[in-house]
Amino acid sequence: MRSTVGEVFVPGEVWQTSHGTLWKVLRYEWGDEGKRVLMRRGEDGRGRKQYRPWDAVHGWVMQSYADGTPTGVDGKLER
């Protein structure tokens, strides 16, 4: 399932923060605050862990879809 920029985090996608840090979405989990995603720093997802609400994408830009296909700055596929 592909999300669009500004919607929700989907496992397998790579997102960039407003500071330029890349994070890979690993999986959905349920926490005390509800549905959240486990993310790991870096394009390969080997860095430190972070949990975020699954829909907290404000200010983040998706860099690649779950299948590895890169996105453009506007969220559309590059050609």
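**A five-stranded antiparallel sheet and its side-chain contacts**

The strands form an open sheet of 5 in the order S4-S3-S2-S1-S5, with antiparallel pairing. Strand S4 (49-53) and strand S5 (61-64) stand at the edges and have a single partner strand each, so one side of each is left without a neighbour in the sheet. From one strand to the next, the twist averages 45°; axes are lines fitted to C-alpha atoms, for helices over the stretch in contact, and angles run from 0 to 180 degrees between N-to-C directions. The model is a predicted one, in which local features need pLDDT of at least 70 and side-chain atom pairs count only at pLDDT 80 or more, whereas totals for chains, interfaces and linings use all residues. Residues are numbered from 1 along each chain as its sequence is written, and side-chain values use heavy atoms, with hydrogens and water left out.

Strands here are DSSP runs (E, at least two residues), as helices are (H or I, at least four), numbered from the N terminus. Two strands pair if DSSP finds at least two bridges between them. In general, strands of a sheet pair through backbone hydrogen bonds, either parallel or antiparallel.

The pairing can be followed from strand S1. Strand S1 (residues 14-16) pairs with strand S2 (residues 22-31) in the antiparallel sense over 3 bridges. The two form a hairpin with 5 residues between them, and Gly 20 in the turn has a positive phi of about 95°. S1 also pairs with S5, again in the antiparallel sense and over 3 bridges. Val 14 illustrates both pairings: Lys 24 in S2 stands opposite this residue, and so does Ser 64 in S5.

On from S2, strand S3 (residues 34-41) runs antiparallel to S2, and 8 bridges join the two. The hairpin between S2 and S3 passes through 2 residues. Lys 24, already met opposite Val 14, has Arg 40 as its bridge partner in S3.

Which residues does Thr 17 touch, not counting those up to four places away in sequence? Thr 17 lies in the loop between S1 and S2 and touches Trp 23, Gly 59 and Trp 60, contact meaning heavy atoms within 4.5 Å. With a relative accessible area of 14%, Thr 17 is buried; the term means under 20% relative accessible area, while exposed means over 50% and partly exposed lies in between (1.4 Å probe, protein chains only).

Trp 60 leads on to the aromatic residues. A pair of aromatic rings is described by the distance of the centres and the angle of the planes. Rings of Phe, Tyr and Trp (its six-membered ring) pair if their centres lie within 6.5 Å, with planes under 30 degrees apart counted as stacked, over 60 as edge-to-face and the rest as tilted. The whole structure holds 2 aromatic pairs. In one, the rings of Phe 9 and Trp 15 have centres 4.9 Å apart and planes at 75°, so the pair is edge-to-face. Phe 9 is buried at 0% relative accessibility, and Trp 15 is likewise buried, with a relative accessible area of 0%. For Phe 9 and Trp 60, the ring centres are 5.4 Å apart and the planes are at 75°, so this pair too is edge-to-face. Phe 9 lies in the segment before S1 and Trp 60 in the loop between S4 and S5, so the pair ties together parts that are 51 residues apart in sequence. Phe 9, Trp 15 and Trp 60 thus make up one aromatic cluster.

Charged side chains provide a further set of contacts. A salt bridge is a side-chain nitrogen of Lys or Arg within 4 Å of a carboxyl oxygen of Asp or Glu, and a search of the whole structure finds 3. Glu 29, buried at 17% relative accessibility, meets Arg 27 in a salt bridge of 2.8 Å, N to O. Glu 29 also forms a salt bridge with Arg 36, where the closest N and O atoms are 3.6 Å apart. Arg 27, Glu 29 and Arg 36 are thereby linked in a network. Arg 27 is partly exposed at 42%, and Arg 36 is partly exposed at 22%. Elsewhere, Arg 46 and Asp 44 form a salt bridge with the closest N and O atoms 3.8 Å apart; Arg 46 counts as exposed, at 71% relative accessibility.

Two charges also sit over rings, a term that requires NZ of Lys or CZ of Arg within 6 Å of the ring centre and within 35 degrees of the ring normal. Arg 36 lies over the face of Tyr 51, at 4.0 Å from the ring centre. Lys 35 lies over the face of Tyr 28, at 4.2 Å from the ring centre.
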